[in-house]
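Got your viewer open? Let's take a short walk through this one, selecting a piece at a time.

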Amino acid sequence: MVIINNYEEYKLLEGVMVGSSSWHTINQDQINRFADATLDHQWIHVDQQRAENQGPYQSTIAHGYLTLSLIPYLWKQIAEVRNVNMEINYGIENFRFGVPVKVDADVSLQATIRSVNDLRGMIKVIVGAKLLIKDELKPAYTGDVVFLYQFK
């Protein structure tokens, strides 16, 4: 766990791979709840029998956006940013999905601080995000996450 207390400490991490989260298992219940929340019930995600018999992966797979939605949770296992009045998930850039995440797969976020800029008191941080899948060579995705912070 990296502790970041202010802009200066964040700036020192520019270009550094700061760590990886613990492994998180994406199970069918989580996939089904995400499908309910997003109204995306495509069979490749929720119909286990059909996915096993007719699907290209012989199992259901997590929604791509489900895997993206895990970023804040997994990021907080890598870095604790202290002394902030406000933290905003500002955007995502240049994301590409590499391989699907099959049901019951374990995933871990690997994070690299790409840039840290002071925009007149609002700190813009771009974090390179790579979602690793246990026992897979290719990541589920790679891309950049943009956070805004206002330190106290």
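Before the first stop, one term: two strands count as paired if DSSP finds at least two bridges between them. Keep in mind too that this is a predicted model.

**Stop one: strand β8.** Select residues 141-151, which make up strand β8. Of its 11 residues, 9 are buried, so β8 is mostly covered. Now add residues 122-133, strand β7: β7 and β8 pair in the antiparallel sense, with 9 bridges. Which residue of β8 does lysine 130 stand opposite? Click on threonine 142 and you have found that partner. Next, bring in strand β5, residues 84-97, which runs antiparallel to β8 and is joined to β8 by 10 bridges. On this side, glutamate 93 has aspartate 144 of β8 as its bridge partner.

**Stop two: aspartate 144 and its salt bridge.** Stay on aspartate 144 and show arginine 114 as well. These two form a salt bridge, with their closest N and O atoms 2.7 Å apart. Because aspartate 144 sits in strand β8 and arginine 114 in strand β6, the pair ties together parts that are 30 residues apart in sequence. Are the two partners buried or exposed? Aspartate 144 is buried, at 12% relative accessible area, while arginine 114 is partly exposed at 48%.

**Stop three: more salt bridges.** The structure holds 6 salt bridges, so there are others to look for. Select lysine 134 and aspartate 106: their closest N and O atoms are 3.8 Å apart. Lysine 134 lies in the loop between β7 and β8, and aspartate 106 in strand β6 (residues 105-119), so this pair links parts 28 residues apart in sequence. Lysine 134 is partly exposed at 38%, whereas aspartate 106 counts as buried at 19%. Then pick glutamate 14 and lysine 11, another salt bridge, with 3.2 Å between the closest N and O atoms.

**Stop four: helix α6.** Select residues 71-78, helix α6, and colour Ile71, Leu74, Trp75 and Ile78, which are buried. Turn the view to look down the axis of α6: the buried residues fall within an arc of 105°, so they line one face of the helix.

**Last stop: isoleucine 78.** This residue of helix α6 has a relative accessible area of 2%, which makes isoleucine 78 buried. What does isoleucine 78 touch, leaving out residues up to four places away in sequence? Its contacts include Met1, Val2, Val18, Leu109 and Ala111. For a sense of scale, draw a line between the C-alpha atoms of isoleucine 78 and aspartate 36: the separation is 29 Å.

Notes: Residues numbered from 1 in each chain as written. Predicted model: local features only at pLDDT ≥ 70, side-chain atom pairs only at ≥ 80, totals over all residues. Heavy atoms only, no water. Buried < 20%, exposed > 50% of the residue type's maximum accessible area, 1.4 Å probe, protein only. Helix = DSSP H or I, 4+ residues; strand = E, 2+ residues; numbered from the N terminus. Arc of directions from axis to C-beta. Contact = heavy atoms within 4.5 Å. Salt bridge = Lys/Arg side-chain N within 4 Å of Asp/Glu carboxyl O.
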